[in-house]
Amino acid sequence: MDKTAFEGWLESVSATFLSLSDQQRNQCLDQLISLSGAAQLRHLSNGLETLLKRDFLRLLPLELAFYLLRWLDPQTLLTCCLVCKQWNKVISSCTEVWQSVCRELGWRIDESIQDAAHWKGIYLKAKLRMMQLKDQEAFETSSLIGHSARVYALYYKDGLLCTVFSVDYNDELDVLVSGSADFTVKVWSLSAGACLNTLTGHTEWVTKVILQRSEVESMVHSPGDYILLSADKYEIKVWPLGREINCKCLKTLSVSEDRSISLQPRLQFDGRYIVCSSDLGVYQWDFASFEILRVIKMEDPANLSLLSFGEVFALLFDNHFLYVMDLRTESVSGRWPLPAYRKSKRGSSFLAGVTSWLNGLDGGNDSGLVFATSMPDHSIHLVLWKENG
């Protein structure tokens, strides 16, 4: 059939085809397919893929593709990466998507790193670490053996674990501070070994002292000022670090006026917030205003103690388990079994190790010491991060 006759025939067939019902059209197509050879079927397959299986991710501008991808959950994104090489390339190159899902897991984001492949790898590592926390596989244990008598107190700084009493110090100021069962706080000269000042006002054992710079400003202190915090069973006192004999307390914090609620010997201060656990729950004060920002209620606060408090996670423990709490939801992300350890009334026989990860994991700070406590056999029980494979 020559070209002119074929075009006339095709136009006539097309007009007739358009006049048919859907069922009749389907029958026509079935008949034509049954009469087709390999060349026609191959042509039909290629044409249908273009018409019916349009790859929107490949056709859309990258900006629109990235916008759509941000609506997908992480598991769906990973599944989409398996569709084809093109999809994997597009999805893996979307930095904002992977940064966002990492942030949702409590990971700390360095905005200066814009390599999408880096953040996809961080997410996979973060997902594995959070699953390990949930399944009690994130940590491992070890012991330090060598003491021949009871270990009363532990201190951890700069990667070194020491056995000392409840003190804090600052090399720059050449000062050491100590709390005592005589209800006083003493300020000492590190180099001279002499007592510079004795602070009075507590009516119970001073179980915790902290020396820290203020990072905020209020009516009684400025950023950069050195502040001393001391705590007893019912009160937290805030002192200016001075050598005046009549040094006056700046503020006294408590959770109950009638002393019906006891503070536990776990106090934390980072220059912006004061955090302390109590028989009611964990209290957080704003250091600029001294107002209570939040109270985290727990099922058994009398037995659940605070180890360390960060921006994203908190580390807590009781007689049986070590807990990692997500502070955004106030839910437990994971726990780790603990042996029958020896608890001191001052709370100094147990401590947290590296705590930078509590402000957000970053794929590198989940290593080293997590928790340490003294044992009845005079050894020191350690909980360490397990290597994240």
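Okay, let's start with one residue, serine 333. Leaving aside neighbours within four places in sequence, serine 333 is in contact with Met130, Leu133, Lys134, Phe313, Val324, Met325 and Asp326. Keep in mind that what we're looking at is a predicted model. Serine 333 sits in strand 19, which covers residues 331–337. So is serine 333 buried or exposed? Its relative accessibility is 18%, so it counts as buried, since the cut-off for buried is under 20%.

Let me zoom out for a moment. The protein chain has 389 residues, and buried ones make up 41% of them. In secondary structure we have nine helices and 22 strands. If you take the contacts between residues at least 6 apart in sequence, 48% of them join residues at least 24 apart. As for the outside, the chain exposes about 21600 Å², and carbon and sulfur atoms supply 54% of that.

Now the inside. As a general point, nonpolar side chains in soluble globular proteins tend to be buried together. Here, the largest nonpolar core has 45 residues, and the ones with the most contacts inside it are Phe139, Leu315, Leu322 and Phe371. Helix 9 gives the largest share of this core, six residues. The core also draws at least three residues from each of domain 1, 54–133, and domain 3, 302–388.

Let's pick out phenylalanine 371. What does phenylalanine 371 contact, leaving aside its neighbours within four places in sequence? Well, the list includes Leu307, Phe317, Leu322 and Leu338, then Phe350, Leu351 and Gly353, and also His381, Leu382 and Val383. There's a second, separate core as well, with 19 residues, including Ile210, Val216, Ala231 and Val238.

A couple of those contacts bring us to a sheet. It's an open one with four strands, in the order 1-22-21-20, and the pairing is antiparallel. The edges are strand 1, residues 139–144, and strand 20, residues 350–352, each pairing on one side only. On average, neighbouring strands here are turned by 15 degrees against each other, ignoring direction. Strand 1 pairs with strand 22, residues 380–385, in the antiparallel sense over six bridges. If you want one bridge to look for on screen, find serine 143: its partner in strand 22 is histidine 381.

On to helix 8, residues 95–104. Which residues of helix 8 are buried? They're Thr95, Val97, Trp98, Gln99, Val101 and Cys102. In general, an α-helix has 3.6 residues a turn, so residues three or four places apart point the same way. The cover over the buried residues of helix 8 includes helix 5 (62–69), helix 6 (74–80), helix 7 (85–92) and helix 9 (116–134). Just after helix 8 comes glycine 106, with a positive phi of about 90 degrees.

Last stop, alanine 194. You'll find alanine 194 in the loop between strand 6, residues 185–189, and strand 7, residues 195–199. Not counting residues up to four places away in sequence, alanine 194 touches Val187, Trp188 and Ser189. With a relative accessible area of 35%, alanine 194 is partly exposed. And if you compare positions, its C-alpha is separated by 10.0 Å from that of valine 175, which is 19 residues away along the chain.

That's my tour; happy to go back to any of these spots.

Notes: Residues numbered from 1 in each chain as written. Predicted model: local features only at pLDDT ≥ 70, side-chain atom pairs only at ≥ 80, totals over all residues. Heavy atoms only, no water. Buried < 20%, exposed > 50% of the residue type's maximum accessible area, 1.4 Å probe, protein only. Helix = DSSP H or I, 4+ residues; strand = E, 2+ residues; numbered from the N terminus. Contact = heavy atoms within 4.5 Å. Core = buried A, V, L, I, M, F, W, Y, C linked by side-chain atoms within 4.5 Å. Domains from an automatic or database assignment. Pairing = 2+ DSSP bridges. Axes fitted to C-alpha atoms, helices over the stretch in contact; angles between N-to-C directions. Areas by Shrake-Rupley, 256 points an atom, 1.4 Å probe, with all protein chains shown as cover.
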